[in-house]
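Work through the exercises below with the sequence and the 3D view at hand. Try each task before you read its solution.

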Amino acid sequence: MYTHTQSLNGKWSLRMAKERNQLPAFVPGCVHLDLMNAGVIPDPFDRQNEESVQWIHENNWVYKRNFQLDQQLLKCDRVYLECEGLDTLATIYLNGNRIATTDNMFITHTIDVTDHIRTGSNSISIAFQSPVQYVKPLIRKPGEVYWLDDAVPGSPFVRKAPYQWGWDWAPKLLTCGIWRSIRLNGCRGGHIANLFITQNHSRNRQIRIHVGGTFERFGEGSPEAFLVLSAPNGDILAQHKLSALEATFAFPPIHIDDPQLWWPNGYGEQPLYQITVSLLVDGRPIQTLRRNIGLRTLRLEQRKDRWGRSFAFVVNGVRIFCKGANWVPADSFPSRVTTECYEDLVESAVRANMNMLRVWGGGFYEDERFYDLCDKHGILVWQDFMFSGGCHYPTDEAFLANVSREIIQVVRRLRHHPCLALWCGNNEMEWYIWAGWIPGNQKQRKADHTKLFTEMIARTVKREDGTRPYLRSSPCSSVEYETPNSENEGNGHCWEVWHSKLPYRAYREKFFRFVTEFGIGSLPHIDTISQFARPDNWNLTDPIFESHQKCEAGNSLIAYYVAQDFRQPKDLPSMAYLSQLVQAEAIRCAVEHWRRNRRRCMGTLYWQLNDCWPAISWSGIDYYHRWKALHYAAKRFYAPVLLSAVERESRVDLHVTNDTRAPFCGLVR
Ligand code: BMA
């Protein structure tokens, strides 16, 4: 909260850059949603409509609105235009003056507009260049950059969510627009940025909290900062005042005796303490920053042991078996993801006894609502940075500077969240390079990866956070380019079942230390199918079914796996049902095996929790949030105490896996 804020969300107008005709638009939003609301395009998720809307991303688009300036803003020393999300290649004009250009969807752009605003009526317009047109000259040059075969070419050149360029579960829908809130912030006297909160835990259960930050002064007046720490029940535990704020400041440490610790789901409660820092200038409130924090220690144990090297998260001194799935963006059009949607998905994860989600590196950094929910429910977050497998990124100075800004901002935004467990450089890039799947000069490929992920991002994360583990790529081992995806150390992505058609019982022959990906596809519920295909098209080989299945050969793989356990289904609804049973059974088989091998394996995150459109994919919850059989099964195979059975030749072995911190005694019947 600032001295004065004027929201610019709401009604805007939209036009194609080369045309005059204006359409009503809504911010936050995007071009596809506005065109859909105006009746210009059909729902891209229905039937094969995706194909008929590809012209949108070939074009440039302009958003515009007029607004009456809030008079209070004119009394401020500085006024900033804060754009929380511009997707992506934007030029911003205020009252006809070009004030900024942006090229990163993932960060907030803050522009000093003090000299551009005026009393009364103002106009703002934001022009978005087509990412496809932008990359055209770049992709013509044969070069270092590489991208997935079946995606729209050129994604690595633009800091825009990779999945929107097409993925093996996502349509090609490269939207653009003002996808997060936009506002004017007026400040007096100065403002606080870069608030940093750390905690030290001592052996005698005492915790010291350090709160510091940076202060930028402008204008006259004497600034002071106040800190209030409140307990989870709202009681005020400590207050401090800092007079004469310096550019870098730190409050005296706060001691908390007898702290209430924050635990992952299934291991204890999630008490959240609150830190409020207020800035006052000449006694007048200017800015208030609030952060919920959880008191916990967290480390990633990677210690030599009899199987190689462990890979286990240790929270408050307790080794946690991480149970969860991979989170992908909940919509192809991210501005449409509502609070209810986040709640529903995160709460579904909790109901299935999960305690970790991996925010996979081909989407975007989620907003506060997601991480707040994970804090509240004890869902640890494995956070990838947004660089995705099968791609190779530029390493020129401008690109590196852009990425550096992004990493700094994302880390500063998210580092206070207790849920955040690990930063990871990228999805599968090191593995792809190691396996030789990215053509080109291999030495250069390795050097580029090292420069970006082993050096630059690692350094930045250490400087801006330094309290959490960083992994340069998923999967990787302890030594760069030495068997990433090893079963002896590091984490693993297990894809021989499905992509190489191994029967799912082959999961039992794999002994990863921590499995961050494994999955098997299925059809969604028939009600979901009905939302994109009419009964006349209910056939796995129908073009509509092929277009909602983005994994090459995916539908035949589904039929193949169904045929392993069942007979040929009599119709499509039966195929949908059986495909889900097979998926649930396969993932159960895998998870039970890895949980039986607790200690050797300390985590299973299956691919994938959710969907970004009505897809035929590996998800356990479909786009409309209907649970597939897998998610119901997850509730059981992720139960804190698990009974599982393994068939041996002439006998069955029963195993009990106990994830709780208490002994378990029971009767098996
Ligand atoms: C992994 C993921 C995704 C992909 C999935 C299914 O490799 O990281 O890139 O969608 O497998 O193929």
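**Exercise 1. A helix and its cover**

Which residues of helix α6 (residues 368-377) are buried? Then list the elements that they pack against.

Solution. Keep in mind that this is a predicted model.
- Step 1. Apply the cut-off: buried means under 20% relative accessible area.
- Step 2. Read along α6. Its buried residues are Phe 370, Tyr 371, Leu 373, Cys 374, Asp 375 and His 377.
- Step 3. Look at what surrounds them. The buried residues of α6 pack against the strands β26 (322-327), β27 (356-359), β28 (380-384) and β29 (420-424). They also pack against the helices α5 (339-351) and α7 (397-414).
- Step 4. Go past the end of the helix. Gly 378 follows α6, and its phi is positive, near 75°.

**Exercise 2. A second helix**

Find the buried residues of α15 (residues 629-637) and name elements that cover them.

Solution.
- Step 1. Go through α15. The buried residues are Ala 629, Leu 630, His 631, Ala 633, Ala 634 and Phe 637.
- Step 2. Find the cover. It includes the helices α5 and α14 (572-596). It also includes the strands β33 (603-606) and β34 (641-647).
- Step 3. Link this to Exercise 1. Helix α5 is among the elements packed against the buried residues of α6, and α5 is also part of the cover of α15.

**Exercise 3. Two loop residues**

Is Asn 426 buried or exposed? Treat Thr 467 in the same way.

Solution.
- Step 1. Place Asn 426. It sits in the loop between β29 and α8 (429-434).
- Step 2. Check its accessibility. The value is 0%, so Asn 426 counts as buried.
- Step 3. List its contacts beyond four places in sequence. Asn 426 touches Asp 384, Phe 385, Phe 387, His 449, Phe 453, Arg 472, Ser 473 and Ser 474.
- Step 4. Compare sequence with space. Tyr 146 is 280 residues from Asn 426 in sequence, and their C-alpha atoms are 15 Å apart.
- Step 5. Turn to Thr 467. This residue is in the loop between α9 (442-464) and β30 (470-471).
- Step 6. Its relative accessibility is 42%, so Thr 467 counts as partly exposed.
- Step 7. Leave aside neighbours within four places in sequence. Thr 467 is then in contact with Thr 198 and Leu 298.
- Step 8. Check one more pair. Thr 467 and Gln 199 are 268 residues apart along the chain, with 9.2 Å between their C-alpha atoms.

**Exercise 4. Backbone exceptions**

Where do Ala 244 and Asp 282 lie, and what is the phi of each? Then examine the peptide bonds before Pro 28 and Thr 88.

Solution.
- Step 1. Recall the usual case. Most residues other than glycine have a negative phi, and most peptide bonds are trans.
- Step 2. Take Ala 244. It lies in the loop between β16 (236-243) and β17 (248-250). Its phi is positive, near 50°. At 57% relative accessibility, Ala 244 is exposed.
- Step 3. Take Asp 282. It lies in the loop between β19 (273-281) and β20 (284-293). Its phi is positive too, about 50°. With a relative accessible area of 54%, Asp 282 is exposed.
- Step 4. Inspect the bond between Val 27 and Pro 28. It is cis, with omega about 0°. Pro 28 is in the loop between β3 (23-27) and α1 (31-37).
- Step 5. Inspect the bond from Asp 87 to Thr 88. This bond is cis, with omega near -10°. Thr 88 is in the loop between β6 (86-87) and β7 (89-94).

**Exercise 5. The whole protein**

How many helices and strands does the protein have? Why is it said to be as compact as a globular protein of its length?

Solution.
- Step 1. Count the elements: 15 helices and 35 strands.
- Step 2. Compare radii. The radius of gyration is 26 Å, close to the 26 Å from the globule rule for 669 residues, so the protein is as compact as a globular protein of that length.
- Step 3. Look at burial. Of the 669 residues, 59% are buried.
- Step 4. Split the chain into domain 1 (4-183), domain 2 (189-293) and domain 3 (321-640). The centres of domain 1 and domain 2 are 35 Å apart.
- Step 5. Locate the charges. The mean positions of the 77 positive and 72 negative charges are 3 Å apart.

Methods
Residues are numbered from 1 along each chain as its sequence is written. This is a predicted model: local features need pLDDT of at least 70, side-chain atom pairs count only at pLDDT 80 or more; totals for chains, interfaces and linings use all residues. Side-chain values use heavy atoms; hydrogens and water are left out. Helices (H or I, at least four residues) and strands (E, at least two) are DSSP runs, numbered from the N terminus. The radius of gyration is taken over C-alpha atoms; the globule rule is 2.2 Å times the number of residues to the power 0.38. Buried means under 20% relative accessible area, exposed over 50%, partly exposed in between (1.4 Å probe, protein chains only). Lys and Arg count as positive and Asp and Glu as negative; His and the chain ends are not counted. The place of a charge is taken as NZ of Lys, CZ of Arg, CG of Asp or CD of Glu. Domain bounds come from an automatic or database domain assignment. Contact means heavy atoms within 4.5 Å.
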